Structure formats: C-alpha cells, structure tokens
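Trainee: I should like to work through this structure by way of questions and reasoned answers. Where would you have me begin?

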Amino acid sequence: MKKQLKSAKDKRWLPIRMIFYGILVGLAASVVTVVYRFMLQYAEKILFGVIGFTEKSVLTMALWGVCLCILGYVVAKIVKWEGMCSGSGIPQVQGEIKGYFDVNWWKLLVSKMVGGSLCIIGGLSLGREGPSVQLGAMAGKGLARLTNQDINKERYMISCGAGAGLAAAFNAPIAGVVFALEEIQKNFNASMLVCILAGCVTSDFVSKNAFGLSPVFHFDVPDVVPLKYYGFLIVFGAILGLVGVAYSSLLLKGQDFYKKLNNIPIEIRMMIPFLCAGVLAYTLPEVLAGGHAMIELVYHECPAISIMVLLLVVKSLFSAISFGSAAPGGIFFPLLIAGAYCGSIYGSFVCQSFGVSEVYIASFIILGMAGFFTAIVRAPITGIILIAEMTGGFEHLLPLAAVTITAYIFAHITEVEPIYESLLERQIVKAGKSEQNPDMDGTVVMTFIVGQQALARDELVGNLPWPDHSIICGIQRGPMEMVPRGDFRLMSGDTLIVMGEKEYLKMIVDAYQIICGEVDVDMPL
C-alpha cells in the first residue's frame, strides 16, 4: 500500500519536475547555441571584410586562395578527429535517439563550433540551424552525463535540447517544440510536450536577451493573399513539392560526388568547396555563407527574374558542393533561402503575367520558404509554425497551410524519402551500424501508449506480434496497474511498461510504435 501511495505521489508531481528539468536543459542548450551564433556572426564579418580587402589586387586574391586551402585542411582534420561533427547534425541526433549512435558530447561541441566557424570564414554555403539542433542535443546529453542520469533520461534530455537549440537559432520557441516532436522524436504526447516546451521557452528567452526581440526575417507583408488567388497558391505548392524533391536529390548527388573521390585524402577533398568559395567571392559573393545577403537582395531590391534564377541555381549547386564535402554545417537555412527565391520568382511571374498586385510578392517569398521546407523535410507543421514565428506574424496561416499541404502531397507521391531520413540511412551505413548495436548493453524500460487507431486496440495481448528482445512487464489503465496475460484485451489509452535490450532499442521502438500507434519513452525523474 505504501509503495502504491508513493508511486501515485510521484506521478502527481512528475509534470512539475519535468518543467524544471526542461528549464535546465533549455539553459544549457541556449548558452551553447548563442555562443555559436556569435561565432558565426563574427566569422561572416571576417569573410566579407577579407573579400573587400583582397579584391583590389590579383596577388591578395591569390593569397586568400592559399588561406582557403589551409582552412580546408584544418576543417578536414577536425572532421577526422570527430566524424559526427560533419554535415547538418540533425540525422545524427535522430540516430542517437533511435540507439544507433553514442556521440562523445564534448568532442562534438568543440568540433562543431570551431569547424562550423571556419567553414563560414571560408564562405561555404552552410547554415547554423541544423548544427544548433545538434549542439543543443549534445548540451542536453552532456548535462545528463555530468549528473549521472540513466539512458532513459538522457534520451529525453537530448530531445529537449534539440528543440531548444532550434528555438535559440531562429528565435522561434513553438517551432522548436514542434520540430522536436515532429522530426526528432516523431511523437506527440503530453508528458514530452511539457518538458520540451519549458526548454524551448527558456532557450528562446536567453537567445532574445542576446540578439533582441526581432524575428530572424524582417518582412513587411501588408496584406494576406486574397481567396481569389488561392488557385495560384495550389499551383505554387505543386511546383515547390517537385522542385524540393529535386533539391534533395541534388544534395545527395553532392555526397555521391565526394564518395567517388574516396581514394583522395580528405584533406584534399575538403579544399574543393573552399576553392569554389574563393572563386565565387569575386564573382557572385551573395551566394556565400548562410545566405542573409540573398534574402536582403530579394526582399529590398527584387531583381529581375533572370538574376534571381541565376542566384538560385548557383546557390543550390554551391550548397550541394559545400554540404557534400562533409564539412560541419547544415542545409536548413540555405534551403529556406532557395524557397524564398522560388517564391519571389513565382510571385514576380504571376504579377507580370496575370495582373496580380506586386504587393503580394513578399507573401510568395514566405510561402515559398514554408512550402520548400515541407517538400524537403516532410514536416509541414514545423514549416508553418517556423515561418510564421520567423516573420513575426500568424495572419498568413491559411495560405501557409494551403501551400505546405500541397507541397507535401506532391513531394510524397514522388516516393523520394525526406532528406533527413536519407541522410540518416547514409550515416548509419558509413558508421557501420545495423539494427543490432553492439556498443550498447543492458536493458532499458520504456512505456508505450495504445493509440486510438492502433493495431493493438481491442486486441488480446497474446495475439499481437511483439518483437523479440523485449517483454511487457505491466499495463496501466488509469489508476490501475495490472500484470499482462495473453488473454488480456488492450484498450486505447492503455500504457504498456516494456523492458527491452539496449542493443536492439531501435528495432523495439519501431515495432512497438507500429503496434501501439504512439510511443512515449519513459524518462523517470
């Protein structure tokens, strides 16, 4: 009886402890992400300062080329020191949650921040947002390791830190919550929501104290697109869906290109994007680094369609060259830039050809970012909320929904996998991992919730294809706790307490998620 009362009391105070827990993770993730944002800001200033100084003579340009080769060499050494710092970082976080990887958190923090900054000094077309997700996740993992938390709580902290990292990178706390649930954890449940929300709000508070209250993009969009123009939005969403799939394929082709050069030392391969950046620095500097210069150009000047197409094509190709090299940096912001240009090009065409007022071009820009993101990542809710928060207004939710849903449909019917899933699969193969992870041993306790539309609903426990290497220890139904039997009939809302072997964690989680419809990895506090 005393044990049952203690268990009930613990459950009653669990949400409060989870909020406190989320705040701690949010603080750790925000500090790391804010420092990283400052480093990249100064790195970009150094880049354009050097370009302005060296463009005056051929000799100084040649000297900068030599410096770029040195930067490429140093970045390659950093990637060899900690391989998990390469690329965006979001697939690595997904793999960590699923049990594929066990990244050294402090090596990742150092290598990602230093390597990412050097890449921006060199001018590579890489973003800060994916790395911010990984940095936040590793800050959460480091906090778990320093406080001797178990593997369950550690994974919970990683998810919370990932959302907090995105919130600090974009000044978008709600988008951070949704991204952590929709893309990282791929699960919506109240227990996880409250912790991640606390972490993202805390992270956003710290970030806004450092960078101000203004949204990342400053778009003055005076009018919402009228309903009579929604036909144009549907067509635009279809175009974004197909172009987004092509963009994803281009990024993967960039990786394939470097894979063919495996016989060349990585130090030499890494010099390729840096030398390309050196050429572009004196021919088309707008496409360098994350792309803030491109956003300012398309919004304030709205150049000719031919100029925008040129910038879009060169930026996309350079992003594929930069990202494919395995340099530390993400695709998140560059793909938003590409989406903005798709929106400006399409909006300009519609205005010139069909007499639509040019006042709506700014609307097409933000719609392009949301739809392009959705087509590539397949996270429509995150796309809608992120762009709404980044642009400082929610009055465009209806047109955003129309474009993103259409883009999602057309991207989905191509049967091309979302970019981060594709990158995760490649990362798993590269790391030599499989469903069975020998680097992990022991057991882990999880809880799985039977959903409304789950296969397990109204089924007997003994009739369901439960995976090997796991056992159902108990079933909770409201205040009651029961021992499972083969003739026990499950109902929606039942919570299964499962013990599984760590080395088969990914297989177990995937199987129970399919059977139960919803998954809630239990992270006791």
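Mentor: Begin with a definition: axes are lines fitted to C-alpha atoms, for helices over the stretch in contact, and angles run from 0 to 180 degrees between N-to-C directions. Bear in mind also that this is a predicted model.

Trainee: Is helix α14 parallel or oblique to helix α15?

Mentor: Helix α14 covers residues 332-354 and helix α15 covers residues 361-377. Their axes come within 6 Å and cross at roughly 135°. Angles over 145 degrees would count as roughly antiparallel, and 65 to 115 as roughly perpendicular. The crossing therefore makes α14, relative to α15, oblique.

Trainee: How many residues of the contact of α14 with α15 are charged?

Mentor: The crossing of these two helices, α14 and α15, is right-handed. The residues of their contact include 15 nonpolar and six polar ones. The number of charged residues there is given as none: no charged.

Trainee: Which strands stand at the edges of the open sheet?

Mentor: Four strands form the sheet, with antiparallel pairing, in the order β1-β4-β2-β3. An edge strand has a single partner, so one side of it is left without a neighbour in the sheet. The strands in that position are β1 (443-449) and β3 (480-482).

Trainee: Which residue in β4 is the bridge partner of I472?

Mentor: Strand β2 (residues 470-477) pairs with β4 in the antiparallel sense over six bridges. On β1, which pairs with β4 over seven bridges, M446 stands opposite V498. The partner of I472 in β4 is likewise V498.

Methods
Residues are numbered from 1 along each chain as its sequence is written. This is a predicted model: local features need pLDDT of at least 70, side-chain atom pairs count only at pLDDT 80 or more; totals for chains, interfaces and linings use all residues. Side-chain values use heavy atoms; hydrogens and water are left out. Angles under 35 degrees count as roughly parallel, over 145 as roughly antiparallel, 65 to 115 as roughly perpendicular and the rest as oblique. A crossing is left-handed if the near helix is turned anticlockwise from the far one by less than a right angle, and right-handed if clockwise. Ala, Val, Leu, Ile, Met, Phe, Trp, Tyr, Cys and Pro count as nonpolar, Asp, Glu, Lys and Arg as charged, and the others, Gly among them, as polar. Two strands pair if DSSP finds at least two bridges between them.
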